[in-house]
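Here are my notes for you on this one, written so you can follow along with the structure open beside you. Take the points in order and find each residue as you go.

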Amino acid sequence: MRDHRVRILSNAPETPTYWRLRVHLSEAFAARPGQFVMMRARDQWEPIWRRPLVIYRMEEHAEGVHLEFLYKVLGRGTALLSRQRPGDELEMLGPLGNGFPTGENPEAEAILVSGGIGLPALYLLAEALARDKRPIRLFHGEPTVEPGIPFPFLEDFARVLKPEAITLATEDGSQGVRGLVTEALEADLERARPRRAVLYACGPTPMLRRVAEIAARWELPAYVSLEARMACGFGVCLGCAVKTQFASDRAPHYRRACIEGPVFRAEEVIWDEL
Ligand SMILES: Cc1cc2nc3c(=O)[nH]c(=O)nc-3n(C[C@H](O)[C@H](O)[C@H](O)COP(=O)(O)OP(=O)(O)OC[C@H]3O[C@@H](n4cnc5c(N)ncnc54)[C@H](O)[C@@H]3O)c2cc1C
Ligand code: FES
């Protein structure tokens, strides 16, 4: 983990909901899939805490690294970020968190499941798994997307995964299959009945909880990336503590989503207490 200064290359809305931020970093940077940074504008004092953003894509260039983030404007921190222009500098602390494990069950199919702004946590994972020649499928859910216009971030994934390995579920049926992404996942598991697969998920808590239930039903290992509210991002404020239990003793333990997480084994999360 280090403090970095990055320069904005572009920062613009790409759909009615999502902004894509592209920054340049003029030094080496390595991150595992699912790791995140804490970001804020350089001259910004309010809000005082930086905001967590997962690293969506990374590209190495002769003169440094280009990093990409996707974000939704929700409150003051992300509204301020959306006002930053190309050439402006941001303070970026990272990489942070544990990230997704990629080496386990190397023969198993990887099933990636995302809801809404959970999607960016899965791109580096898809790239890493594709490099290892793992079979991969992606299920992504949105409340709605513009009919007839390709969802740009799934086009990013289609450069790494086979396009037919990508399922889009929309709640209103505007594109893809109608319904919740977990319904599409369940229907597919019923059809394919995989004996060896690992689930990797990021999205809203109710979706992650459902993924955990589905994984338990099919006796599949599952990793979920939790979206806890974070202040420091590096383990000192304890603001991101989540109640978990270890499989070994079932005893409850608080673990910090920013250090021991944000990725946890699904069966270790005490869902009723999130
Ligand atoms: C590890 C991690 C990685 C993340 N990566 C991304 C990302 O890549 N892109 C992205 O858009 N967002 C991401 N988030 C969520 C993002 O950090 C929050 O949306 C952001 O902090 C909101 O800040 P704000 O000042 O705009 O809103 P605030 O004024 O702090 O909050 C406004 C509203 O946003 C919602 N909100 C705030 N924080 C969270 C949160 N952590 N999870 C869910 N809802 C929240 C609440 O409903 C709140 O009422 C991530 C969160 C975590 C923990
Ligand atoms: S955000 Fe401060 S301990 Fe995790």
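The points below cover a sheet, two pockets and some salt bridges.

1. Before anything else, keep in mind that this is a predicted model.

2. Start with the sheet. It is open and has seven strands, and if you walk across it you meet them in the order β4-β3-β7-β1-β2-β6-β5, with antiparallel pairing. At the edges sit β4 (51-54) and β5 (57-61), each of which pairs on one side only. From one strand to the next, the twist averages 35°.

3. Now zoom in on one pairing in that sheet. Strand β3 (residues 36-41) runs antiparallel to strand β7 (residues 89-96), and five bridges join the two. If you want a spot to look at, try methionine 38: its bridge partner in β7 is leucine 93.

4. Next, the largest pocket. Its volume is about 810 Å³, and 28 residues line it, with Pro52, Leu53, Leu74, Glu227 and Ala228 the closest to its centre. Which elements give two or more residues to this lining? They are β4, β6 (64-72) and α1 (76-82). The biggest contribution is from β4, which gives four residues. Sorted by class, the lining has 16 nonpolar, seven polar and five charged residues.

5. The second largest pocket has a volume of about 240 Å³. There are 16 residues in its lining, and the closest to the centre are Gly115, Glu171, Leu180, Pro204 and Met207. At least two lining residues come from each of β9 (136-142), α4 (181-192) and α5 (205-217), and α5 has the largest share, with three. By class you get seven nonpolar, five polar and four charged residues.

6. On to salt bridges: the whole structure has 24 of them. A good one to look up is arginine 20 with aspartate 156, where N and O are 3.1 Å apart. Arginine 20 is in strand β2 (residues 18-25) and aspartate 156 is in helix α3 (residues 152-158), so this pair links distant parts of the chain, 136 residues apart. Are these two residues buried or exposed? Both arginine 20 and aspartate 156 are buried.

7. That pair also belongs to something wider. Glu14, Arg20, Arg22, Arg57, Glu59, Glu68, Asp156 and Arg159 are linked in a network of salt bridges. Try picking out these side chains together on your screen.

8. Compare that with a pair inside one helix. Arginine 191 and aspartate 188 form a salt bridge, with their closest N and O atoms 3.3 Å apart. Both lie in helix α4, three residues from each other, which is about one turn of the helix. What is the relative accessible area of arginine 191? The value is 65%, so arginine 191 counts as exposed, the cut-off being over 50%. Aspartate 188 has 10% relative accessibility, and because buried means under 20%, aspartate 188 counts as buried.

9. One last pair: arginine 255 and glutamate 268 form a salt bridge, and their closest N and O atoms are 2.9 Å apart. Arginine 255 lies in strand β15 (residues 252-256), while glutamate 268 is in the segment after β16 (263-265), so the salt bridge ties together parts that are 13 residues apart in sequence. Both arginine 255 and glutamate 268 are buried.

Methods:
Residues are numbered from 1 along each chain as its sequence is written. Chains are lettered from A and ligands numbered from 1 in the order in which they are written. This is a predicted model: local features need pLDDT of at least 70, side-chain atom pairs count only at pLDDT 80 or more; totals for chains, interfaces and linings use all residues. Side-chain values use heavy atoms; hydrogens and water are left out. Two strands pair if DSSP finds at least two bridges between them. Axes are lines fitted to C-alpha atoms, for helices over the stretch in contact, and angles run from 0 to 180 degrees between N-to-C directions. On a 1 Å grid over the protein atoms alone, a cavity is a set of points where a 1.4 Å probe fits but cannot get out, and a pocket is an open set with protein on both sides within 12 Å along at least five of seven lines; lining residues have an atom within 4 Å of a point. Grid points are joined across faces, edges and corners, and a volume is the space filled by probe spheres set on the points. Ala, Val, Leu, Ile, Met, Phe, Trp, Tyr, Cys and Pro count as nonpolar, Asp, Glu, Lys and Arg as charged, and the others, Gly among them, as polar. A salt bridge is a side-chain nitrogen of Lys or Arg within 4 Å of a carboxyl oxygen of Asp or Glu. Buried means under 20% relative accessible area, exposed over 50%, partly exposed in between (1.4 Å probe, protein chains only).
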